[in-house]
Structure formats: structure tokens, C-alpha cells
Amino acid sequence: MKYLVFETPLEAERYAANRIAEIISFRPDCVLGLATGATMEGVYAELVRLYRARQVSFHFCTTFNLDEYIGLPPHDRNSYHFFMKKNLFSQVDLEPDRAHVPDGCAADLAQACAEYEEMIRKAGGLDLQLLGIGHSGHIGFNEPGSAADSKTRVVELCEETMRQNGIYFDAARGEKMPGRAVSMGLGTILAARELLLIATGSRKAEIIRKALQGEISTAVPASLIQRHPDLTVVLDREAAAKLA
Ligand code: PGA
């Protein structure tokens, strides 16, 4: 495991974006596993900047996102389809038919999950999986208790995640956070050839300590990445504050 601790969130986000750009420059047709969440907004903003400066092109890349809420259509402002379109897909030259986000509105969710796994396999597997971490210790929406070999499937969101992400849903506008999602599994994530986890801010310090220096256990799903042979963890000073 390689840890990198930066003074500010911006420096951490820039490092992560530059690592992604570097992978693309080595292999323009790489397969990237992408993530959502507030932390990723800065990473994607930097990637867009690099694209505009002609330092990276996504033209030959294929991408697979980690997760999506069940029941939110792509045009819903809280959906991860919407997030990705706004923050990355509409801003760069990625081919729309190679940019995949799980379908949270499929009539047959189990089949859609199996097809998602098959698409990743057919693409040759993930060269890199970008990860955030939730307060519950989730990566993707793999909540505590998720099996280490789990695949893309329907998951129930835990209370901690409902609290963490509930703030984005505006009850006054009739928005309600779904309690279920489709998520890539821990097995799918761990099979990626490289993992890049980024976390910033003091609110992540405790879960970062547990995930990186605690016992490896499905009670803290992110702790399983400790076993990955090619893991880079990018932190700011505040998120790293509780590490030994
Ligand atoms: P955040 O989410 O970037 O909004 O903190 C990370 C996560 O829950 O995976």
C-alpha cells in the first residue's frame, strides 16, 4: 500500500486526477472504474481542466461507475447518472456508449446487475478503480457485512449512509433518498488491477484509520483493500490525522 498525504484537499484531488491522466497516457484504451460523491467533484474538475489543456483525452477509454440509486432516473438531479454527466461526461470527449453507470431503473435489476458484470468482463476488467470512502466504511455502496467476493447486485443502504447522503435530498421539493441501490461488489472492485482511494477532511479521519490500519473485516468493507497488491491512498492532512 502506498499512502500519500497532502496539505490540502485540492492537492490530493489534483494528484488523483493526474494519476488517472497518467494511466490514460500509458494506455489510451484503458478501462476505468469511476466513483461519485463530493470528494470526486474536485477530481473530475481537475480532469476536465487537463482535458481542456489537451493533456488528456478520454476518446478511447471505457468507464464503469460503482453505483446508482434504485428508482432514480438519469435526469433526476440526485442520480449518479446526473452527477457523472454534469461533472465529467458532458465536459470531456468520452464516447457516450462507453461510459457505463448501473441502471437503477431496470425492470429486471438482477439481470441488469449480471449484465453489468459481463460488460466489465468483456471490456477486459478494470485497469483502475477510483474509490471514495463513506462514513460507514463502504466503498461503492458495499455496506458493512457485504461479502468479500460480492458482485454487482442490489444493496440496502445502512443508516449511516442514509444520514451521510440524505442531506442532498430536498424534502421541500418532494425528494426522498432511496434506501436501496445497485452497487458493484467488493469482489468486482478488488479484481481491478489498481485501486486509487481518495479521502479528505477531518470527518473521514476515523474511518480512514479503521479502514487502513484496523482489522481486515467485512464489518469495515474498505479494510479489504489492504490486501490489494496495487493500492494507492491519497489523503489530505485532516483525513490522515488519526493514522499511526
Ligand atoms: P463523499 O462520499 O465523497 O461525498 O464523502 C464518499 C462515499 O460515500 O463513498
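Me: Which residues does Thr188 touch, not counting residues up to four places away in sequence?
Reply: This is a predicted model, in which local features need pLDDT of at least 70 and side-chain atom pairs count only at pLDDT 80 or more, while totals for chains, interfaces and linings use all residues. Residues are numbered from 1 along each chain as its sequence is written, and side-chain values use heavy atoms, with hydrogens and water left out. Contact means that heavy atoms lie within 4.5 Å. Leaving out residues up to four places away in sequence, the residues that Thr188 touches are Glu117, Ile120, Leu126, Ser150, Lys151 and Thr152.

Me: Does Thr188 count as buried or exposed?
Reply: Thr188 is found in helix H6, residues 186-190, where a helix is a DSSP run of H or I with at least four residues, a strand is a run of E with at least two, and both are numbered from the N terminus. Buried means under 20% relative accessible area, exposed means over 50%, and partly exposed lies in between, using a 1.4 Å probe and protein chains only. Because its relative accessibility is 6%, Thr188 counts as buried.

Me: With which side chain does the side chain of Thr188 make a polar contact?
Reply: A polar contact is a pair of N or O atoms within 3.5 Å; within protein, one must be able to donate a hydrogen and the other to accept it, and residues adjacent in sequence count only if both atoms are side-chain atoms. At 2.7 Å, the partner of the Thr188 side chain is the side chain of Glu117.

Me: How far apart are the end C-alpha atoms of helix H1?
Reply: The expected span of a helix is 1.5 Å times one less than its number of residues. Helix H1 has 18 residues, 9-26, and therefore should span 26 Å. The model agrees with this, since the end C-alpha atoms of H1 are separated by 26 Å.

Me: Which strands and which helix do the buried residues of H1 pack against?
Reply: The buried residues of H1 are Ala12, Glu13, Ala16, Ala17, Arg19, Ile20, Ala21, Ile23 and Ile24. They pack against strands E1 (2-6), E2 (31-34), E6 (128-131), E9 (195-199) and E10 (231-236), and also against helix H2 (38-52).

Me: What percentage of the area that the ligand exposes when taken alone does the protein bury?
Reply: The residues around the ligand, each with a heavy atom within 4 Å of it, include Ala38, Thr39 and Gln164. A backbone N or O atom of Ala38 lies 2.9 Å from a ligand oxygen atom, while polar side-chain atoms of Thr39 and Gln164 lie 2.5 Å and 3.3 Å from a ligand oxygen atom. Accessible areas come from the Shrake-Rupley method with a 1.4 Å probe, and for residues only the protein chains shown count as cover. Taken alone the ligand exposes 280 Å², and the share that the protein buries is 89%.

Me: Why is the pair of Phe64 and Tyr116 edge-to-face?
Reply: Rings of Phe, Tyr and Trp (its six-membered ring) pair if their centres lie within 6.5 Å, and planes under 30 degrees apart count as stacked, over 60 as edge-to-face and the rest as tilted. Tyr44 and Phe83 form one such pair, edge-to-face at 6.4 Å centre to centre and 65 degrees between the planes. The rings of Phe64 and Tyr116 have their centres 5.6 Å apart, and the pair is edge-to-face because the angle between their planes is 85 degrees.
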